[in-house]
Every structure is written in structure tokens, then in C-alpha cells.
Amino acid sequence: MTGRPAGGPAGPSGARRNREADWNAWPVGDYLAENYRQLHPVDRGVIAHHSAFYRQFPPGTLARSLEFGAGPNLYPLMLAAGASRRIDALEPSDASVAYLRAQLTAPDASWEPFWAVCRGLDPSLPERLTEALARVRVVHADARSVPAGTYDAASMNFVAESVTEDAGEFRDLCGLFIRSVRPGGRLVAAFMENMPSYRIGTGPRWPAIPVDEDAVRAVFAPHTEELRITRLGKDRTLPEYGDSGVVLLRATRTTDGPDGPDGPAGPAAPTAPDLSP
Ligand SMILES: C[S@@+](CC[C@H](N)C(=O)[O-])C[C@H]1O[C@@H](n2cnc3c(N)ncnc32)[C@H](O)[C@@H]1O
């Protein structure tokens, strides 16, 4: 793909790192228009997968769950609301945080078809979408600020592979995601498969790294058990992002998770935001 990069030039290695992109300038309106203003086949696939994950837990039995890099996507938050009493939607971008905060009480009508699918699969979800979203708290923070071992479950959708061109940083972001849950905590995720850096509309290029099932397994297997990786085929109703589909993951963090001295994520950042109840 061509086009100017979002936020700045690549570092010396040529691979742009997460902090080199201006996430505050994330084009929320264009991203929604391209991906979420209508329900695409791939959304149905991700929703079915994640709904089955959350239906393992009786309603309300997860005290706290995390949406890691929530962006402006509401359907992962809807799905978590059956099992979770509280959902922290972690997101560093001013633009996405502003959108999310407004949506919690007055969601756009375009989310209704997503809600209908989520609720059809999980009748234990509340009757109204706003009741489900009342369990969500928006946390304006970076992934590096998540305190380790905090959550019962965590979900990550199109983040670690879609925010950096650097393989080590992809691993580190996955490590932060894994260790955000307590040992025995549960993980669910979706990754764009084989997607290079991409553009939204006619905007600048955003950094991404192509990953596949093997790359995801290599990062998660050492720190998880009950690891289940599947994939969805390419959705040709979406814009051409250069991907070949979506990789889906479910796993449980092992006791010997990535908190140890050799863990991929390193120490928690000293600037952890207030995530207390
Ligand atoms: C491709 S979007 C995916 C958004 C959303 N999860 C979805 O399902 O559509 C990538 C998201 O990751 C967020 N992000 C970028 N860098 C991050 C970081 N260091 N920590 C947490 N989130 C980050 C971006 O602001 C953006 O919302």
C-alpha cells in the first residue's frame, strides 16, 4: 500500500512502532463507515465465536472484564455484558474515547442489528442495549498501563497486529493482553490475518504486521492452556485491506504466565490509570 504514514516516519529499522502513529487522529467516522455501519459476514463470524466464549460463564459471574484497545467498536462490549458485571473499555485515542463515551447512553441506530445478533445468540443479555452498555466503563489509557492480573477475562479485537509493524512489539502487546488477566483468567481475541499496513478511506497509512494462525500460536502457547485457534475466510464485502481473513483465539492464562522475569511484557508501567472499582 502507498500513502503517507499516520503520524510520522518509520524508525531506523524501517518498521513503524506503535508510538510513531498519531492514534488521537484515528478516523472514527471513516472507520465506522467502512467496517461497522452495517453488519458484515465477518462480524457474524466473530460474534458467534465470542458469544460461545462468553456463554461458558453463567450470567454475571465475571466480576471484571477488559476490552483491550476498544476503539469505536461496540459489539465486543455487548457480548461481554452477559457474563460480566463490569467491563473496562481501554482505549488511548481521544477520538475513540469521545465516541465510546457518547455511545454508552445513546448508541447509534446502526448498532441495533449487531445487538439483535448478540442477543439472539445469548438470551441472558439484558433486553435493551443501553442496559448492557451500562456495565461498561471507558478507560482512557494505553495498553502499557494495564496492571497485571487484574481481570477475570479479557478480549482484544484487531489491536496487537493492527497498531505496529514491529514483530517484537506485536509480541509485547499480546503479552500485556495475556497478563491483564489473573492466572486462570480467560482470553478471547480476533486478529486480521496477513494484513499489511493499511489505509482507512483516503487517509494516511496505519502500521500493521501480517500474522497468521502459526504466528498467533507461537506467541500465546507458552503462556496459555486450552488454546483454541480458528479462522474465518476473507470478507469481500469489506474494503480491500490486503488481509486474507481473520484469526480467532480462545485461551486460558496459565499460572506461569508472562509475569515472570523472562515475560515478554516487562514491568507494568508506573503510570497505571485508576482501575479501581
Ligand atoms: C484497528 S483498531 C481496532 C479497534 C476495535 N478494537 C475494533 O474491534 O474495531 C486498533 C485500536 O487499537 C488502539 N490502540 C493503538 N495503540 C494502542 C495501545 N498502545 N494500547 C491500546 N490500544 C491501542 C487504537 O486507538 C485503535 O482503537
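Two residues are taken to be in contact if their C-beta atoms, placed from the backbone, lie within 7 Å. The model described here is predicted.

By this criterion, the buried residues of helix 2 pack against two helices, helix 3 (75-80) and helix 5 (112-121). They also pack against strand 4, strand 5, strand 8 and strand 9. The buried set consists of V42, D43, V46, I47, H49, H50, S51, F53 and Y54. Helix 2 has 14 residues. At 1.5 Å a residue, these should span 20 Å, and the end C-alpha atoms are 20 Å apart, so the expected and modelled spans agree.

The strands touched by helix 2 belong to a sheet. Seven strands form this open sheet, in the order 3-2-1-4-5-9-8. Their pairing is mixed. Strand 3 (136-140) and strand 8 (224-233) stand at the edges. Each has a single partner strand, so one side of each is left without a neighbour in the sheet. From one strand to the next, the twist averages 15 degrees. Helix 2 (residues 41-54) packs on the sheet, where it touches strand 4 (151-157), strand 5 (181-193), strand 8 and strand 9 (245-253). The direction of helix 2 makes about 10 degrees with that of strand 9.

Strands of a sheet pair through backbone hydrogen bonds, either parallel or antiparallel. Strand 1 (residues 65-68) and strand 2 (residues 87-91) run parallel and are joined by 4 bridges. Within this pair, L66 has D88 of strand 2 as its bridge partner.

Helix 8 (residues 213-220) also lies on the sheet strands. It crosses strand 5, strand 8 and strand 9, and runs at about 165 degrees to strand 8. Four of its residues are named as buried: A215, V216, V219 and F220. They cover an arc of only 120 degrees around the axis, which means that they lie on the same side of helix 8. The face turned away from this buried side carries the exposed residues D214 and A218. The buried residues pack against helix 7 (167-179), as well as strand 5, strand 8 and strand 9.

The largest nonpolar core has 77 residues. L77, M78 and F177 have the most contacts inside this core. Strand 5 gives the most to the core, with 7 residues. The contacts of F177 were examined without its neighbours within four places in sequence. On that basis, F177 is in contact with F68, A154, M156, A160 and L187.

Key
Residues numbered from 1 in each chain as written. Predicted model: local features only at pLDDT ≥ 70, side-chain atom pairs only at ≥ 80, totals over all residues. Pairing = 2+ DSSP bridges. Axes fitted to C-alpha atoms, helices over the stretch in contact; angles between N-to-C directions. Core = buried A, V, L, I, M, F, W, Y, C linked by C-beta atoms within 7 Å. Buried ≥ 20, exposed ≤ 12 C-beta atoms within 10 Å, placed from the backbone. Expected span 1.5 Å × (residues − 1). Arc of directions from axis to C-beta.
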